Amino acid sequence: GMEKASTAKFDFSASEVGSYKIVLSVTNEDGMTADSVNVTVYGKYRDGVFVLNEGNMTSENGFLTFISPKGEVTDSVYYKVNGSSLGNVTQSLFIADKKMYIISQNGNRMNGDGMLVVADAETLKKIAAYNDELADLSWPTHVAVVGNDVYLRDNKGVYLFNPITKQLSFIQGTDGALKNAMAVVKDKIFVPGNKAIFVLQNGALVKTITMPGSVSGVIKSSDGNIWASCTTTPAQIAKINSADYTITTNELPADVKISAGWGATPGISAKGDSIYFSNAGPKVYRHIFSKKQTDFLTDVSPLIEHFGMLYNNLTVNPSNGDIYINTIEGYGLSFLINDITIWSDSGNALKLKSDYQNHIHFPAGTFFPTDYK
């Protein structure tokens with residue numbers, strides 16, 4: 001006879017991230033049939049872009065601004081999830097094993113959650129916070145993580161912290177580690193030093209790579225090695241093999257410099273073989289390493305409505321090549337007038353794609369979860 005057909009809409013919502021098996025059972029006169037589907041629920045913050053803000057040191061704690069893959073901006077996402085704040089003057093973050101580690105220089109002095117906050121990287125729910133355990137640190141600025149080894153850089157050098165035993169110990173030989181980001185390849189941490197790069201592994205210094213001049217940036221390359229820049233004359237960009245530490249060096253044109261500026265973010269950022277830099281100013285350059293080719297792209301200052309200054313360096317999204325530039329109109333109350341601008345490299349110039357206004361307070365850096373996968 002005639003088959004009766006009906007459709008049903010089934011809404012599934014989960015309070016926790018993870019994998020779920022949904023089973024649908026249908027019963028009729030002939031018996032029961034069942035079908036199942038596997039669904040993975042991801043956290044809201046798994047993909048997208050984070051801008052970490054120092055905040056205004058005297059009046060507020062640091063906070064996280066989130067830009068979703070669809071381009072929606074949400075302010076203070078950690079606070080919105082947890083109802084509590086990050087530490088005072090947040091400086092950098094790192095993602096490892098689906099956990100986000102956020103370091104601040106002044107810890108909980110303004111009732112924030114602590115000097116080192118650990119949160120679920122997909123949901124931002126707080127997992128742990130450490131403050132008194134890190135009392136020996138002096139103005140820590142950068143964090144890098146391998147397994148249960150948390151590497152923390154401060155004014156003295158690099159410390160090893162175990163979040164389970166809560167033991168903190170100084171790593172001998174890391175004195176003078178620069179106030180800049182550490183790069184991680186597999187289980188090795190590459191730390192910028194004055195005219196050297198320290199290589200740490202299993203909590204110890206295993207190699208000091210001598211560099212020809214002051215290091216202005218150390219970042220992971222897309223093929224699992226290291227890019228490094230030096231403020232020599234002429235300036236240099238080097239590719240360092242992460243396994244045997246052999247170095248290939250390109251010299252830049254005499255009139256081109258690569259400085260990190262006064263900030264605490266690397267002077268270089270990369271998409272594949274293309275390395276971008278602007279000396280913490282508005283003039284953006286690109287160096288294509290395999291071609292040994294350096295091009296001036298664009299002075300972004302006339303293209304940003306309220307341009308005053310870059311606050312920290314440009315950062316490139318390693319997955320799609322978008323270039324993020326954070327600017328403020330100035331100090332005083334002018335920092336409240338600010339822009340997150342996103343640019344694409346059209347080949348011989350930068351093209352403005354998006355401009356998000358007045359979401360940031362002294363941005364410490366832009367971070368891409370895809371960079372840590």
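A salt bridge is a side-chain nitrogen of Lys or Arg within 4 Å of a carboxyl oxygen of Asp or Glu. By that criterion Asp113 and Lys126 qualify, because their closest N and O atoms are 3.7 Å apart and the limit is 4 Å. The structure discussed here is a predicted model, and a search of the whole of it finds six salt bridges. Side chains of opposite charge can pair when their charged atoms come close.

The bridge between Asp113 and Lys126 links distant parts of the chain, with the two positions 13 residues apart in numbering. Asp113 belongs to the loop between β7 (99-104) and β8 (116-120), whereas Lys126 lies in strand β9 (residues 126-130). The two partners also differ in their surroundings: Asp113 is buried, at a relative accessible area of 17%, while Lys126 is partly exposed, at 39%.

A further bridge joins Asp322 to Lys353, with 3.0 Å between the closest N and O atoms. This pair likewise links distant parts of the chain, being 31 residues apart: Asp322 sits in the loop between β27 (315-316) and β28 (323-328), and Lys353 in strand β30 (residues 350-357). Asp322 is buried, with 9% relative accessibility, and Lys353 is partly exposed, with a relative accessible area of 48%. Elsewhere, Arg286, Asp295 and Asp345 are joined into one network by salt bridges that share partners.

Arg46 and Asp47 form another salt bridge, in which the closest N and O atoms are 3.0 Å apart. Here Arg46 is partly exposed, at 24% relative accessibility, and Asp47 is partly exposed as well, at 28%.

Attention now turns to the nonpolar interior. The largest nonpolar core comprises 32 residues, and Leu116, Leu134, Val143, Tyr151, Leu152 and Ile189 have the most contacts inside it. For Leu134, once neighbours within four places in sequence are set aside, the contacts are Met115, Leu116, Leu152, Phe161 and Leu168. A second core, separate from the largest, has 17 residues, including Tyr45, Leu86, Ile95 and Val117.

The next element is a sheet. Strands of a sheet pair through backbone hydrogen bonds, either parallel or antiparallel. In this case four strands form an open sheet in the order β10-β11-β12-β13, with antiparallel pairing. Because β10 (142-146) and β13 (167-170) each have a single partner strand, they stand at the edges, and one side of each is left without a neighbour in the sheet. On average, neighbouring strands of this sheet are turned by 25° against each other, direction ignored. Within the sheet, strand β11 (residues 149-153) and strand β12 (residues 158-162) pair in the antiparallel sense over four bridges. Val150 stands opposite Phe161 in β12, and Phe161 is also among the contacts of Leu134.

The final stop is Val89, which lies in the loop between α1 (77-82) and β6 (90-96). Although placed in a loop, Val89 counts as buried, because its relative accessibility is 5% and the limit for buried is under 20%. Apart from its neighbours within four places in sequence, Val89 is in contact with Glu54, Met57, Gly62, Ser104, Gln105 and Asn106. The C-alpha atoms of Val89 and Gly272 are separated by 32 Å, and the two residues are 183 residues apart along the chain.

Definitions and conventions: Residues numbered from 1 in each chain as written. Predicted model: local features only at pLDDT ≥ 70, side-chain atom pairs only at ≥ 80, totals over all residues. Heavy atoms only, no water. Buried < 20%, exposed > 50% of the residue type's maximum accessible area, 1.4 Å probe, protein only. Core = buried A, V, L, I, M, F, W, Y, C linked by side-chain atoms within 4.5 Å. Contact = heavy atoms within 4.5 Å. Pairing = 2+ DSSP bridges. Axes fitted to C-alpha atoms, helices over the stretch in contact; angles between N-to-C directions.
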